[in-house]
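Let's walk through this structure together, beginning with a single pair of residues and working outwards. Keep the viewer open as you read, so that you can follow each step.

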There are 2 protein chains.
Amino acid sequence: MRKILLATHGEFAAGILDSVRIIIGDEEKVRALCAYVNPEENFSEQVKESIEGIEERDELVVLTDMLGGSVNNEFMRYLNRPGFYLVTGLNLPLLIALLTSPEADTVRLIQESLEEMKNQIVFCNELKAEEENEDF
Amino acid sequence: MRKILLATHGEFAAGILDSVRIIIGDEEKVRALCAYVNPEENFSEQVKESIEGIEERDELVVLTDMLGGSVNNEFMRYLNRPGFYLVTGLNLPLLIALLTSPEADTVRLIQESLEEMKNQIVFCNELKAEEENEDF
């Protein structure tokens, strides 16, 4: 089974999961891990537990907020772990593509979702200008 | 003055603003608008007010969650308004670039931030494989 974990500095992960719930409904296979919110929680320990929780035949796709950030760095240490996939730069077009694609192969799913996302992070003023030029 | 408004389905906007606060500190010029959270609030009305609040010499950059989504569509109606810039596909690398660049021209700032972001939304397993290949 493929599970998805969203991991970010602060409440970003929980917030984007709220958007997903509104747009496509509850997604049981997606969890949010909000780092540095509760001082009693040890983030490194939570990351370790999430990686060690990957059982045989399971896959875990982790989406973090930012390359070079401490949240992503913590997961980078486990990249050799089988069944673990790490993507950084979490955004809604990417997440929706990951959740709605029928692709069974996880590496292909991630690659295709990243491709699909590219046309959906745009400067809308330029998009509109292009459309208007096409009208002539 | 240039202001930034984050607008999303649900709590995503407030959540990513929480990440920004942890990473670079409080940003007074950035506000979050979380649509469809409080049924007593009229989202179209809130969008209209935010646009009408743009005073002369002010600029408003709005970052929304998703192209084609109802939040972004609501703002698309105002694209001809002077001083209003709309970007969709909100993510942390883009937002941090927008907030930390010294670029004074807003169109160039947005274009450059989108370029900078591209190398920061990545599949880390592939990144690591590329780095290891470079070692040989």
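Start where two chains meet: F123(A) stands opposite V87(B), a residue of strand β4(B). Its neighbour in the same pairing is V122(A), whose bridge partner in β4(B) is T88(B). Together these belong to a pairing of β5(A) with β4 (residues 84-88) of chain B, which runs in the antiparallel sense over 2 bridges. Please keep in mind that everything here comes from a predicted model.

Now widen the view from that pairing to the sheet around it. Here 5 strands form an open sheet, in the order β5(A)-β4(B)-β3(B)-β1(B)-β2(B), and the pairing is mixed. At its edges sit β5 of chain A and β2 (30-35) of chain B, each of which pairs on one side only. Helix α1(B) packs on this sheet, where it touches β1 and β2 of chain B. The direction of α1(B) makes about 150° with that of β2(B). As general background, strands of a sheet pair through backbone hydrogen bonds, either parallel or antiparallel.

Follow chain B past β4 and you come to L90(B), which lies in the loop between β4 and α4. Is L90(B) buried or exposed? L90(B) has 27 other C-beta atoms within 10 Å, and 20 or more are needed to count as buried, so L90(B) is buried. Leaving aside residues up to four places away in sequence, L90(B) touches L6(B), T8(B), I16(B), L63(B), T64(B), D65(B) and L95(B), as well as N91(A) from the other chain. The fold also brings L90(B) and A13(B) to 8.7 Å from each other, C-alpha to C-alpha, although they are 77 residues apart in sequence.

Next comes helix α4 of chain B, residues 92-100. Its buried residues are L92(B), P93(B), L94(B), L95(B), I96(B) and L98(B). What do they pack against? The buried residues of α4(B) meet β1 (2-9), α1 (12-24), β3 (59-64) and α5 (106-118) of chain B.

Step back to the whole interface. How many residues of chain A are in contact with chain B? There are 38 residues of chain A in contact with 38 residues of chain B. On the chain A side, the elements giving two or more residues are β1 (2-9), α1 (12-24), β4 (84-88), α4 (92-100), α5 (106-118), β5 (122-123) and α6 (124-134). Of these, α1(A) gives the most, with 9 residues. Sorted by class, this side has 22 nonpolar, 11 polar and 5 charged residues.

How do the two copies relate? Chain A can be laid on chain B with an RMSD of 0.0 Å by a turn of 180° and a shift of 0.0 Å along the axis. That is the relation of a two-fold axis. In addition, 100% of the interface residues of chain A are also interface residues in chain B, so the copies meet through the same surface.

Finally, look at chain A as a whole. Chain A has 6 helices and 5 strands, and from the N terminus on its elements run β-α-β-α-β-α-β-α-α-β-α. Its C-alpha atoms fill a box of roughly 60 × 35 × 30 Å along the principal axes. Of its 136 residues, 39% count as buried. Among contacts in chain A between residues at least 6 apart in sequence, 64% join residues at least 24 apart.

Notes:
Residues numbered from 1 in each chain as written. Chains lettered and ligands numbered in written order. Predicted model: local features only at pLDDT ≥ 70, side-chain atom pairs only at ≥ 80, totals over all residues. Least-squares fit on C-alpha atoms with pLDDT ≥ 70 in both. Contact = placed C-beta atoms within 7 Å. Helix = DSSP H or I, 4+ residues; strand = E, 2+ residues; numbered from the N terminus. Nonpolar A, V, L, I, M, F, W, Y, C, P; charged D, E, K, R; others polar. Pairing = 2+ DSSP bridges. Buried ≥ 20, exposed ≤ 12 C-beta atoms within 10 Å, placed from the backbone. Axes fitted to C-alpha atoms, helices over the stretch in contact; angles between N-to-C directions.
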